[in-house]
Amino acid sequence: MFDNIRRDHERHEGGWAGPGLWIVAVYRFGMWAAAQRQPLLRWPAWLLYRIARLPLLPFKVHLWAGPRGAQIGKGLVLIHPHNVMIGSGVEIGHDCLIFHDVTIGTGPTPGVPKIGHHVDIYVGARVLGGITIGDGAMIGANCVVTRDVPAGSVVLVAPCKVLPRALSTYASGADRAKAAASAGASATAPVVGAASDMAVAASAGRQEPNAAGV
């Protein structure tokens, strides 16, 4: 446990000042607690692990220890740890880096992912199903990975396209709707104004006899 935490600390730039290292350290303690054979030691340690997780719940990092939890090698780094889901039974190798909004768990193929060593998983990525991510791979932001990735590979999403508004069906429809709404408002304004003028004139006409003393 201490060797793993020492390596985790070496790779976290913020050290103990950042929540990422604390989340990983609590996970390491939970794995140590679950591995104890003596019930008199295992159950109090496991209870302490559950209590230590409570202050970290607002970060929404789902990383459970124990026999049914994830199996993670030393040197794990959680960058901006928030909204991270690492499913039960997931295997992650040494010196991996995971950004926020990442999901690693079940998917279209049976099983859970097995991630090699020195793998970087960037913001918003989804690694799903019984697939294998090779050593040294990089999973780009917002990628959805459901097939094996060879070692030393980089997975990227299709690049964004920049189009004129006239060529976009959605944007053109929105522009037409705005133009129709503006035209309708312009046509309604004079009618409302004329009706107001007529109402004022009628009211003045009814008051004129009273002004003459009749």
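Visitor: Which residue in β8 is the bridge partner of Ile-92?
Guide: In β8, Ile-92 is partnered by Ile-115.

Visitor: What kind of model is this?
Guide: This is a predicted model, in which local features need pLDDT of at least 70 and side-chain atom pairs count only at pLDDT 80 or more, whereas totals for chains, interfaces and linings use all residues. Residues are numbered from 1 along each chain as its sequence is written, and side-chain values use heavy atoms, with hydrogens and water left out.

Visitor: What makes β5 and β8 a pair?
Guide: Two bridges join these strands. Pairing requires that DSSP finds at least two bridges between two strands, so β5 and β8 qualify. They run parallel.

Visitor: Why is a run such as 91–92 called a strand, β5?
Guide: Strands are DSSP runs of E with at least two residues, and helices are runs of H or I with at least four, both numbered from the N terminus. The run 91–92 is β5. On this basis the chain has four helices and 14 strands.

Visitor: Which sheet holds β5 and β8, and what makes β2 and β11 its edge strands?
Guide: β5 and β8 belong to an open sheet of four strands, in the order β2-β5-β8-β11 with parallel pairing. β2 (71–72) and β11 (132–133) each pair on one side only, which puts them at the edges.

Visitor: How many strands form the open sheet that includes β9, and in what order?
Guide: Five strands form that sheet, in the order β3-β6-β9-β12-β14, and the pairing is parallel. β3 (77–78) and β14 (154–155) have a single partner strand each, so one side of each lacks a neighbour in the sheet.

Visitor: How do you know that β9 and β12 pair?
Guide: β9 (residues 120–121) and β12 (residues 138–139) are linked by two bridges in the parallel sense. Ile-121 stands opposite Ile-139 in β12.

Visitor: Why are α2 and α3 called roughly antiparallel?
Guide: The axes of α2 (residues 19–35) and α3 (residues 39–53) cross at roughly 160 degrees and come within 8 Å. Axes are lines fitted to C-alpha atoms, for helices over the stretch in contact, with angles from 0 to 180 degrees between N-to-C directions. Angles over 145 degrees count as roughly antiparallel, those under 35 as roughly parallel, 65 to 115 as roughly perpendicular and the rest as oblique. The two helices are therefore roughly antiparallel.

Visitor: Which residues make the contact between α2 and α3?
Guide: Contact means heavy atoms within 4.5 Å. From α2 the residues include Val-26, Phe-29, Gly-30 and Trp-32, and from α3 they include Leu-41, Ala-45, Trp-46 and Tyr-49. Arg-50 has its place in α3, and its C-alpha lies 8.0 Å from that of Gly-30, 20 residues apart in sequence.

Visitor: Why is Asp-95 called buried?
Guide: Its relative accessible area is 12%. Buried means under 20%, exposed means over 50%, and partly exposed lies in between (1.4 Å probe, protein chains only). Asp-95 therefore counts as buried. In the chain as a whole, buried residues make up 33% of the 214 residues.

Visitor: What is the phi of Asp-95, and where does the residue lie?
Guide: Phi is near 55 degrees, a positive value in a residue other than glycine. Most residues other than glycine have a negative phi. Asp-95 lies in the loop between β5 and β6 (97–98).

Visitor: Is His-118 buried, partly exposed or exposed?
Guide: His-118 has 48% relative accessibility and therefore counts as partly exposed. Its phi is also positive, about 55 degrees, although it is not a glycine. His-118 is found in the loop between β8 (114–115) and β9.

Visitor: What makes Pro-150 an exposed residue, and what is it in contact with?
Guide: Pro-150 stands at 55% relative accessibility, so it counts as exposed. Its place is in the loop between β13 (144–145) and β14. Leaving aside neighbours within four places in sequence, Pro-150 is in contact with Gly-134 and Ala-137. The C-alpha atoms of Pro-150 and Gly-134 are 4.9 Å apart, across 16 residues of chain.

Visitor: Why is Ala-35 of helix α2 called exposed?
Guide: Ala-35 has a relative accessible area of 55%, so it counts as exposed. Its C-alpha is separated by 8.3 Å from that of Pro-67, 32 residues apart along the chain.
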